[in-house]
Amino acid sequence: MFSMRTLKTSEAAALLNVSPNTLRAWERRFGYPKPQRSAGRHRLYTHGEVAALRDALQQGLSISSAVSRAREALSTDTHTLVGALASFELDRADSAMESALALRSVERSVEEVLLPSLDELGQRYGTDSAPWAFAARWADGWLRRAQRLAPPPVRRLAILVGDATRNELDPDALAVRAFELFCGRSGARIMALPVGGVSGLSDVVECLAPDAVVIAGGHLPDDDVALWAYRVRAAAGPLPMALFRRSHHGAKVRTTGTLILPDTPFGAYRHLLALIDDRQITRVHEVAALSVLDGDLERREAQA
Amino acid sequence: MRRLRALRPVEVDERGLELISFCGHCALAPEPARHAPPSRVCGHCGLGIVLQATADLAPRQDEPFLVIDTTLSVCAVSAAAEQLLDIDETQAVNKHVADFLVPADANASGAENLLALLVEVAGGSGELRTTVVRPRQEFGIRFKARIGPCGPPHAALLVLS
């Protein structure tokens, strides 16, 4: 379902008949093609983006116009998905996402095609309409299916998500599902629980032993969220706590030292992982410093 | 004894005029291709596509120029034109040429003349013409402009001097 061909810098440069330096210069100047990074931080270009640019360059008068044409070619997936959902065609909607996945990673397909399409439908029909309900249910199902197909957790990392959205028709709910999907695909264990339920929460927290807690969604009132967060802290002790999509229309929220994540699911996921990694590095340094101190003490005792 | 000189292959257009290749961004002539097929992307700056125009029209390296298509949209802005007109090519592409340049020829009857000329030239049928233009919203600054066909594909080249 999620096959996407990627190219190394040298392969992409050869396909475009330019040097790798030129490709990097285009990334800086035009922001296109936009590579992902491999585990070793090497650039990985999606074949679809590079192929679209190669076709556009053949008939282009400048790199800028070719980039613009290539971007247009890629945006057809969004138009197709909006059209399919607006005409209630589930098969065509699934096909549009399949096409998007042939050109992009899962993360970018969700951020550049699925979520913008749903935003457009929400603006066009309103989030209390039947077309929105149809589209939101389809998108929720798609994201959950993608999460089930994600590789099993490989990192020693667990994240507890407190879901403060109304239900799957809440416009924030899709962003929260996408955030869970991205975290899950990175190899973390994810557990999402409704903020409304607090009984038995300590058992879940003890079992999961989360490295971070994210409270996502802005539907439930602050009092409910505060109670839930208090119960989690009581069970797990001090943990990094972050808010995702909790503030609306620039309204201030009571954060009391919690981190506010960016509004985009991918931005939030990257931010949270960086926070957890920093914390783990600090913990490793603390442990290393303690062991050095222990070693010093033992040496002194032996000398004495 | 008469010394023989190596012949240089010259590309000509349908009227037999010599065609010069230049980069649509830095205006430099492309290096001879080492690999086949030769790249359309400039090997010097990597930011422009190699275009062709007749020798009397093709820009010198320091001459600012714009490339405009038949819909009168800006397709390319040279590095010198970016500096001269204080615009960024990535922002200017796909915008109407009249957003940046307007006619400033007192003898011409109106804006339609410049635009009609650009459409005709971009279609590949026009010949080299000269006119006077000025930046939009700027008065007191006038540029002499050479306008003629370039490509491929067919487009109008507007060289400011």
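Mentor: Two strands pair if DSSP finds at least two bridges between them. The model is predicted, so local features need pLDDT of at least 70 and side-chain atom pairs count only at pLDDT 80 or more, while totals for chains, interfaces and linings use all residues. Residues are numbered from 1 along each chain as its sequence is written, and chains are lettered from A and ligands numbered from 1 in the order in which they are written.

Trainee: What makes S3 and S8 of chain B a pair?

Mentor: Four bridges join strand S3(B), residues 65-68, to S8(B). The cut-off is at least two bridges, so S3(B) and S8(B) are a pair. The two run antiparallel, and B:Ile68 stands opposite B:Ala156 of S8(B).

Trainee: How do you know that S7 of chain B pairs with S8(B)?

Mentor: Strand S7(B), residues 143-151, shares six bridges with S8(B) in the antiparallel sense, and therefore meets the cut-off. B:Gly148 stands opposite B:Leu157 there. Three residues form the hairpin connection from S7(B) to S8(B).

Trainee: Why is S8 of chain B called mostly covered?

Mentor: Strand S8(B) spans residues 155-160, and six of its six residues are buried. Buried stands for 20 or more other C-beta atoms, placed from the backbone, within 10 Å of the residue's own. One side of S8(B) holds B:Ala155, B:Leu157 and B:Val159, the other B:Ala156, B:Leu158 and B:Leu160, and all are buried. Both faces are therefore covered.

Trainee: What share of each chain is buried?

Mentor: In chain B, 34% of the 161 residues are buried; in chain A, 36% of the 304 residues are.

Trainee: Which helices and strands does each chain have?

Mentor: Chain B has three helices and eight strands, in the order β-β-β-β-α-α-β-α-β-β-β. Chain A has eleven helices and eight strands. Both kinds are DSSP runs numbered from the N terminus: helices are H or I with at least four residues, strands E with at least two.

Trainee: How many residues of each chain take part in the contact?

Mentor: Chain B gives 18 residues and chain A gives 16 residues. Strand S4(B), 74-77, and helix H2(B), 89-92, each supply at least two residues of the side of chain B that touches chain A. Contact here requires C-beta atoms, placed from the backbone, within 7 Å.

Trainee: What classes of residue make up the side of chain B that touches chain A?

Mentor: That side has nine nonpolar, six polar and three charged residues. Ala, Val, Leu, Ile, Met, Phe, Trp, Tyr, Cys and Pro count as nonpolar, Asp, Glu, Lys and Arg as charged, and the others, Gly among them, as polar.

Note on methods
Buried ≥ 20, exposed ≤ 12 C-beta atoms within 10 Å, placed from the backbone. Contact = placed C-beta atoms within 7 Å.
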